[in-house]
Amino acid sequence: MKYIALVLICLVTTVAKAQSTPLLAEQKVELNAAQGLPLGEQISFDVQTSKPKMLAAKLEGWSHIKVTQIKNRGLSLTMRNKSEFLGKPISQYSAPSFVIDTDELSTQNFISGFAESIDNTKGWEPNDLAAYVSGYIKDTTYIHGFNIASVVAEQASGDCTEYAVLVAALARGLGLPARLIMGTVIVEQADNVASYGHAWVEVYNDGQWHLLDAALYGDESSQHFYLPASELENEGPGYVMSLARGAALMSEAITNLKSI
């Protein structure tokens, strides 16, 4: 087993969400004064971030996300509730790595468990991967920080980062390119809107990228809007630095949120 120093992306979570919903720290979110609920499928808002130009450059890689203004401490943008990465798969997205260690026994056993659970007469769809990981992880907890796939496969516990790592490992183990994304999820419920730091996975299948979120699989919220900030580019032993660079791009607050 690999033993590494774990670094928490977020140390603080809201009391209401702790130990119940596998999200990272809640962020400030404010609706436009004239905006009520429900929201439409396309929204606009201002996002506060310490590196607006770098985030704007990153967002060019996704469809249905448009930056309309770059400010000193943030961006104005529009987006739909469904966006798709525009890049093509590269070899890294399919290979075992230090973080997505599909070559470890515990990870291989986990992947085999999924294969054995599938009805061979029906096959499987990408979203079945999120469903399987959602059911596999039994203990929602924030104590781990960021565990690698083999450890998550053994412990079956964690927050959204562990869910995402395990989905990526499962996808790669099945021959599908996968990349881990960090960013913000805006969650619309019947009577309020909340925003959280989050992690999810993009999996390439049948010529397109699919957003898979095992942490929120089956969540009964009205809508989820996913605002990416970065991918985990360095999956080697120095991955902590990649996490730190990605965290610097994530939104700190969302304001003036409205449907368009």
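This is a walk through a predicted model, from its nonpolar cores out to a few unusual backbone sites.

Start with the largest nonpolar core. It holds 40 residues. Val99, Val133 and Phe146 have the most contacts inside it. Several elements give two or more residues to this core. The helices on that list are α2 (105-117), α3 (126-136), α4 (149-155), α5 (160-173) and α6 (239-249). The strands are β7 (178-188) and β8 (193-205). Helix α5 supplies the largest share, with 10 residues. Apart from this core lies another, of 33 residues. Val47, Leu55, Val187 and Met250 are among its members.

Now look at one of the well-connected residues, valine 133. Set aside its neighbours within four places in sequence. Valine 133 is then in contact with Phe110, Tyr163, Leu166, Val167, Leu170 and Ala214. Two of these names, Leu166 and Leu170, come back at the next stop, on the α5 side of a helix pair. Phe110 comes back too, on the α2 side.

That pair is α2 and α5. How do the two helices pack? Their axes are 10 Å apart, at an angle of about 70°. Angles of 65 to 115 degrees count as roughly perpendicular, so α2 is roughly perpendicular to α5. From α2 come Thr107, Phe110, Ile111 and Phe114. They meet Leu166, Ala169, Leu170 and Gly173 of α5. By type, the residues of this contact divide into six nonpolar, two polar and no charged.

Alanine 169 deserves a closer look. It sits in helix α5. Is alanine 169 buried or exposed? Its relative accessibility is 0%, and buried means under 20%, so alanine 169 counts as buried. Which residues does alanine 169 touch, beyond those up to four places away in sequence? They are Ile100, Thr102, Thr107, Ile111 and Ala149. Thr107 and Ile111 belong to α2. For a sense of distance, take phenylalanine 225. It is 56 residues from alanine 169 in sequence, and the two C-alpha atoms are 24 Å apart.

Next, move to α4 and the loop before it. Asparagine 147 lies in the loop between β5 (139-140) and α4. Its relative accessible area is 6%, so asparagine 147 is buried. Its side chain makes a polar contact of 3.4 Å with the side chain of glutamine 155. Glutamine 155 is in helix α4 itself. At 41% relative accessibility, glutamine 155 counts as partly exposed. This polar contact therefore joins a buried residue to a partly exposed one. Not counting residues up to four places away in sequence, glutamine 155 touches His144 and Asn147. Serine 44 is a long way off. Glutamine 155 and serine 44 are 111 residues apart in sequence and 40 Å apart in space, C-alpha to C-alpha.

Turn to the loop between β1 (26-31) and β2 (42-48). Asparagine 32 is found here. Its side chain has a polar atom 2.8 Å from the backbone nitrogen of alanine 34. A polar contact of 2.6 Å also joins its side chain to that of asparagine 256. Beyond its neighbours within four places in sequence, asparagine 32 is in contact with Asn256, Leu257 and Lys258. Those three positions fall in strand β11 (residues 253-259).

The β1-β2 loop has another feature. Proline 38 is also placed there. A cis peptide bond joins leucine 37 and proline 38, with omega about 10°.

Follow the side-chain contact from asparagine 32 across to asparagine 256. Asparagine 256 lies in strand β11. Its phi is near 55°, a positive value in a residue other than glycine. How accessible is asparagine 256? Its relative accessible area is 30%, so it is partly exposed.

Aspartate 206 also has a positive phi, of about 55°, although it is not a glycine. Where is aspartate 206 found? It is in the loop between β8 and β9 (208-212). Its relative accessible area is 70%, and exposed means over 50%, so aspartate 206 is exposed. To recap the two sites, asparagine 256 belongs to a strand, whereas aspartate 206 belongs to a loop.

Methods. Residues are numbered from 1 along each chain as its sequence is written. This is a predicted model: local features need pLDDT of at least 70, side-chain atom pairs count only at pLDDT 80 or more; totals for chains, interfaces and linings use all residues. Side-chain values use heavy atoms; hydrogens and water are left out. A nonpolar core is a set of buried Ala, Val, Leu, Ile, Met, Phe, Trp, Tyr and Cys residues joined through side-chain atoms within 4.5 Å. Buried means under 20% relative accessible area, exposed over 50%, partly exposed in between (1.4 Å probe, protein chains only). Helices (H or I, at least four residues) and strands (E, at least two) are DSSP runs, numbered from the N terminus. Contact means heavy atoms within 4.5 Å. A polar contact is a pair of N or O atoms within 3.5 Å; within protein, one must be able to donate a hydrogen and the other to accept it, and residues adjacent in sequence count only if both atoms are side-chain atoms. Axes are lines fitted to C-alpha atoms, for helices over the stretch in contact, and angles run from 0 to 180 degrees between N-to-C directions. Angles under 35 degrees count as roughly parallel, over 145 as roughly antiparallel, 65 to 115 as roughly perpendicular and the rest as oblique. Ala, Val, Leu, Ile, Met, Phe, Trp, Tyr, Cys and Pro count as nonpolar, Asp, Glu, Lys and Arg as charged, and the others, Gly among them, as polar.
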